[in-house]
Amino acid sequence: MNRGLAPARGPAGIRVWPGGPNPLGATFDGQGTNFALFSEHATAVDLCLFSGPDAPTESARIPLRDRTDQVWHAYLPDVRPGQLYGYRVHGPYDPSQGHRFNPAKLLIDPYAKAISGTFDLNPTQFGYATDAGREDLEISQTDSAPAM
């Protein structure tokens, strides 16, 4: 986990180490949590931490600065099991090429071991403007976190 390196300080003084690409998902090792997310075409990934299930916005947004092959990763020595989190993934918004990256949308970790709460479909969760009349060609800038 590169724990020998001095940790960088993220938002709100959160300690952040590079971590590693394996295993995918959020993995607690008894001392901290490694976060690893695969994305072939992402240009940046933000890890969003939430203070509780009803928090409308993240309490911390941590850019994942380390990438091994196509896996973005970080190790947070102060994060314990039960921490609520999601990702905001940056990249091209080009539906004709199959790319619909939209950092305004909070994403659930596809490797999550548990999910908190219920899912109710909400227009803010769509990556495109549903009222634009241009199918999925116009990106939505509305933050989906309050509905997630």
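This report describes salt bridges, aromatic pairs, a surface patch and some local features of one predicted protein model.

## Basis of the report

The model is predicted, and local features need pLDDT of at least 70, side-chain atom pairs count only at pLDDT 80 or more, and totals for chains, interfaces and linings use all residues. Residues are numbered from 1 along each chain as its sequence is written, and side-chain values use heavy atoms, with hydrogens and water left out.

Strands are named here by number: helices (H or I, at least four residues) and strands (E, at least two) are DSSP runs, numbered from the N terminus. A residue is called buried when its relative accessible area is under 20%, exposed when it is over 50%, and partly exposed in between (1.4 Å probe, protein chains only).

## Salt bridges

The structure holds five salt bridges. A salt bridge is a side-chain nitrogen of Lys or Arg within 4 Å of a carboxyl oxygen of Asp or Glu. One of the five joins the side chains of D78 and R15, with a distance of 2.8 Å from N to O. This pair links distant parts of the chain, 63 residues apart: D78 is in the loop between β8 (71–76) and β9 (84–90), while R15 is in strand β2 (residues 15–16). D78 has a relative accessible area of 44% and is therefore partly exposed. R15 also counts as partly exposed because its relative accessibility is 24%.

Which residues are linked in a network of salt bridges? The network consists of E58, R61, R88 and D143. Within the network, E58 forms a salt bridge with R88, and the closest N and O atoms are 3.2 Å apart. E58 lies in the loop between β5 (44–50) and β6 (60–63) and R88 lies in strand β9, so this salt bridge ties together parts that are 30 residues apart in sequence. Both E58 and R88 are buried. R88 also forms a salt bridge with D143, where the closest N and O atoms are 2.8 Å apart. Since D143 is in the segment after β11 and R88 is in strand β9, the pair ties together parts that are 55 residues apart in sequence. R88 counts as buried because its relative accessibility is 1%, whereas D143, at 30%, counts as partly exposed.

## Aromatic pairs

A pair of aromatic rings is described by the distance of the centres and the angle of the planes. Rings of Phe, Tyr and Trp (its six-membered ring) pair if their centres lie within 6.5 Å; planes under 30 degrees apart count as stacked, over 60 as edge-to-face and the rest as tilted. A search of the whole structure finds four aromatic pairs. Among them, the rings of F35 and Y85 have centres 5.1 Å apart and planes at 75°, so the pair is edge-to-face. F35 is in strand β4 (residues 33–38) and Y85 is in strand β9, so that this pair links distant parts of the chain, 50 residues apart. F35 is buried, with a relative accessible area of 1%, and Y85 counts as partly exposed at 22% relative accessibility.

The rings of F126 and Y128 are also edge-to-face, because their centres are 5.5 Å apart and their planes are at 65°. F126 is partly exposed, with a relative accessible area of 28%, and Y128 counts as partly exposed at 27% relative accessibility. In addition, ring pairs link F35, Y85 and Y87 into a cluster.

## A nonpolar surface patch

I108, I115, F119, L121 and M148 form a nonpolar patch on the surface, with about 530 Å² of accessible area together. Patches are made of residues with over 30% relative accessible area and no salt bridge, in which like charges are joined within 9 Å and nonpolar side chains (Val, Leu, Ile, Met, Phe, Trp, Tyr) within 5 Å. Accessible areas come from the Shrake-Rupley method with a 1.4 Å probe, and for residues only the protein chains shown count as cover. F119 lies in the segment after β11 (99–100). Is F119 buried or exposed? F119 counts as exposed because its relative accessibility is 52%.

## Features of the loops

A cis peptide bond joins N22 and P23, with omega at about -10°. P23 is placed in the loop between β2 and β3 (25–28). D69, in the loop between β7 (66–68) and β8, has a phi near 55°, a positive value in a residue other than glycine. D69 is exposed, with a relative accessible area of 69%.

S59 is found in the loop between β5 and β6 and counts as partly exposed at 48% relative accessibility. Leaving aside neighbours within four places in sequence, S59 is in contact (heavy atoms within 4.5 Å) with L49, F50 and S51. S59 and A42 are 17 residues apart in sequence, and their C-alpha atoms are 23 Å apart in space.
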